[in-house]
Every structure is written in structure tokens, then in C-alpha cells.
Amino acid sequence: MRGDRIDRPADLDVVRESYDRVADNYAHMVVTTGIGDIRTHPWLKASIDAFADSVRGLGPVLDVGCGPGQVTAYLAERGLDVSGVDLSPRMIENARRLHPECRFDVASATDLDLEPASLGGVLGWWSLFNLPRAILPQVLAAFARALKPGGYLITATHAGDEDTVRTEAYGGVPVRWTTHKWHPEQLTKLIDTAGLTTIADLRLPPTDYSGPGLVLMAQRPE
Ligand SMILES: C[S@@+](CC[C@H](N)C(=O)[O-])C[C@H]1O[C@@H](n2cnc3c(N)ncnc32)[C@H](O)[C@@H]1O
């Protein structure tokens with residue numbers, strides 16, 4: 001028996017179409033500028049390395065909202081049994097083209113129907129901030145149920161308290177999505193309410209290309 005169904009975000013199709021439109025520019029940005037490539041950001045790389053070391057041997061890992069798949073591929077290179085899913089079919093086309101050695105599928109975080117206690121790790125790496133505030137807790141609860149006892153969640157997201165409507169992104173491409181920013185303490189509370197224990201909390205200052213961010217890692221209790 002799987003967990004309860006998650007409400008469908010009202011704007012899901014609009015968000016998908018928007019990411020489809022920016023997918024080629026986004027993949028190009030990651031490959032050519034290093035923005036979005038954890039290997040160019042020591043603290044993001046350290047976070048993903050700590051996650052990789054923690055989940056090794058625990059079971060399959062799912063990268064939810066994997067975009068063009070660079071983090072999925074990084075984890076696969078480190079010997080993890082990892083696959084990626086993304087809302088945007090065009091993001092997944094890019095992921096398959098750039099990383100043909102990895103498994104990628106089109107799916108929304110809200111529609112994964114995950115087997116209970118089946119995963120060693122799950123990532124929501126800069127990919128959960130479009131979920132409406134009322135829906136993110138349902139997604140986190142589904143992730144918590146899908147983790148094996150001792151398994152880990154890592155998430156990175158934009159810090160703050162605004163809901164910012166984006167109308168263009170990644171090279172002036174017209175988009176329509178809302179970035180729901182989170183206070184670290186609020187997001188920690190949601191993660192803990194979902195049944196996980198937050199074990200690391202990294203705050204990131206603004207950069208030339210992004211506002212303040214945060215990385216949280218959490219574990220399902222044994
Ligand atoms: C800023 S990109 C990050 C991609 C990748 N994780 C990275 O670090 O480069 C956000 C990604 O989240 C995906 N996304 C947004 N909403 C989603 C949802 N409901 N389910 C799955 N993926 C989603 C988008 O399609 C996009 O690929």
C-alpha cells in the first residue's frame with residue numbers, strides 16, 4: 001500500500017511548459033559556465049559528497065527535479081545506484097543526451113507513487129521551490145515514507161520569505177512560475193514534521209547569479 005495521494009499544484013502544467021522552454025539554455029549554462037555544476041561550488045560539492053558518503057550501501061537514490069542530470073551523473077560516477085526524474089520532458093531529453101549512462105524519467109514530485117521504505121536517499125536539489133506552500137509538506141512526507149530507516153534526504157533551495165513570480169529566466173526566456181522561498185527554520189520544521197530528523201543546515205550568501213540559499217540534510221530515524 002502506497003502513501004496518500006498528493007494534491008496536484010494548480011499551476012503544474014504552466015511550470016512544466018516554462019521549464020521546457022528554458023531547458024536548452026539551462027543545460028547550456030551548466031555545461032559552459034559551471035553555474036549549477038556543484039564541482040564549481042565547494043560548499044555545494046561538499047554537501048553532495050557528504051550525502052553520497054552517507055547513503056552509500058543503503059539502497060537506490062532518486063534525484064527529484066534533476067534538470068539536465070548533472071548531479072545524478074556526479075552521484076553515479078561515485079558508484080551510487082541513482083536515477084533522476086523531472087517535471088519537464090525537455091529537461092529529461094537534455095539529461096539523457098548529456099548523461100546516456102544514467103536513468104531518467106519524466107515525472108512530477110507530486111506524482112511519484114514511491115514504494116514505502118524503498119530508497120536509500122532522495123534529493124530535492126534546487127527543485128522543490130515551485131511547489132505551493134501547502135503541497136511541499138505532502139511531498140516531504142512522501143519522501144520520508146519512501147526512505148528506508150536510516151536513509152537520507154538532501155534539499156537545496158532559495159532562502160527568504162517571499163513568493164517571487166518569475167516572468168523570464170535563463171537568458172530572457174518567457175516563463176511563468178512562482179519561487180516560494182523558505183526560512184531555514186520553517187523548512188527544518190516541515191522536514192521534521194514529515195518524520196525526518198534534520199542533521200545539517202548550511203546557509204549560503206547571495207551570489208552574482210542567485211539570492212541567498214540553504215542546504216538541509218535529514219535522516220529517517222532507524
Ligand atoms: C533550477 S532547476 C534545478 C535542476 C537541477 N536539480 C540542478 O541542480 O541543476 C529546477 C528543476 O526542477 C524541476 N521541477 C520543478 N517542479 C517540479 C516538480 N513538481 N516535479 C519535478 N521536477 C520539478 C524543473 O523542471 C527543473 O528542471
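# Notebook: a ligand and its surroundings

I began with the make-up of the shell around the ligand: by class, it has 12 nonpolar, 7 polar and 1 charged residues. A reminder to myself before going on: this is a predicted model.

**Entry 1, the ligand.** Which residues come nearest? I looked through the 20 residues around the ligand and found that Tyr26, Gly65, Gln70, Asp86 and Trp125 come nearest. I then asked which element gives the largest share of this shell. That is helix 1, residues 12-33, with 3 residues.

Next I looked up polar atoms facing the ligand. Aspartate 86 has a polar side-chain atom 2.6 Å from an oxygen atom of the ligand. Two backbones come in as well. In leucine 87, a backbone N or O atom lies 3.2 Å from a nitrogen atom of the ligand. In alanine 109, a polar backbone atom is 2.8 Å from a nitrogen atom of the ligand. How much of the ligand does the protein cover? On its own the ligand has 590 Å² of accessible area, and the protein covers 98% of that.

**Entry 2, glycine 67.** I stayed with aspartate 86 for a moment, since glycine 67 is in contact with Asp86, and also with Met91 and Ala95, leaving aside neighbours within four places in sequence. I found glycine 67 in the loop between strand 1 (61-64) and helix 3 (70-77). Buried or exposed? Its relative accessibility is 7%, so glycine 67 counts as buried, the cut-off for buried being under 20%. I also checked a pair that is separated in sequence: glycine 67 and asparagine 94 are 27 residues apart along the chain, and their C-alpha atoms are separated by 8.1 Å.

**Entry 3, strands 6 and 7.** I moved on to a pair of strands. Strand 6 (residues 163-169) and strand 7 run antiparallel, and 6 bridges join them. I picked out one of these pairings: glutamate 168 has proline 174 in strand 7 as its bridge partner. The two strands form a hairpin with 3 residues between them, where tyrosine 170 takes a positive phi near 45°.

Why do I call strand 7 (residues 173-180) largely enclosed by the rest of the structure? Because 6 of its 8 residues are buried.

Threonine 179 is a residue of strand 7. With a relative accessible area of 6%, threonine 179 is buried. Not counting neighbours within four places in sequence, threonine 179 is in contact with Phe129, Asn130, His158, Glu162, Asp163, Thr164 and Arg166.

**Entry 4, lysine 181.** I followed the chain into the loop between strand 7 and helix 6 (184-193), where lysine 181 lies. I noted a relative accessible area of 18%, so lysine 181 is buried. What does lysine 181 touch? Beyond residues up to four places away in sequence, lysine 181 touches Arg133, His158, Ala159, Gly160, Asp161, Glu162 and Thr164.

**Entry 5, arginine 220.** My last stop was the segment after strand 9 (213-219), where arginine 220 is found. Arginine 220 has a relative accessible area of 24% and is partly exposed. In sequence, arginine 220 and leucine 147 are 73 residues apart, but in space they are 6.7 Å apart, C-alpha to C-alpha. Leucine 147 is also one of the residues that arginine 220 touches; among the others are Ala117, Ala144, Arg145, Lys148 and Leu196.

Technical notes. Residues are numbered from 1 along each chain as its sequence is written. This is a predicted model: local features need pLDDT of at least 70, side-chain atom pairs count only at pLDDT 80 or more; totals for chains, interfaces and linings use all residues. Side-chain values use heavy atoms; hydrogens and water are left out. A residue is near a molecule or strand if one of its heavy atoms lies within 4 Å of it. A polar contact is a pair of N or O atoms within 3.5 Å; within protein, one must be able to donate a hydrogen and the other to accept it, and residues adjacent in sequence count only if both atoms are side-chain atoms. Accessible areas come from the Shrake-Rupley method with a 1.4 Å probe; for residues, only the protein chains shown count as cover. Ala, Val, Leu, Ile, Met, Phe, Trp, Tyr, Cys and Pro count as nonpolar, Asp, Glu, Lys and Arg as charged, and the others, Gly among them, as polar. Buried means under 20% relative accessible area, exposed over 50%, partly exposed in between (1.4 Å probe, protein chains only). Two strands pair if DSSP finds at least two bridges between them. Contact means heavy atoms within 4.5 Å.
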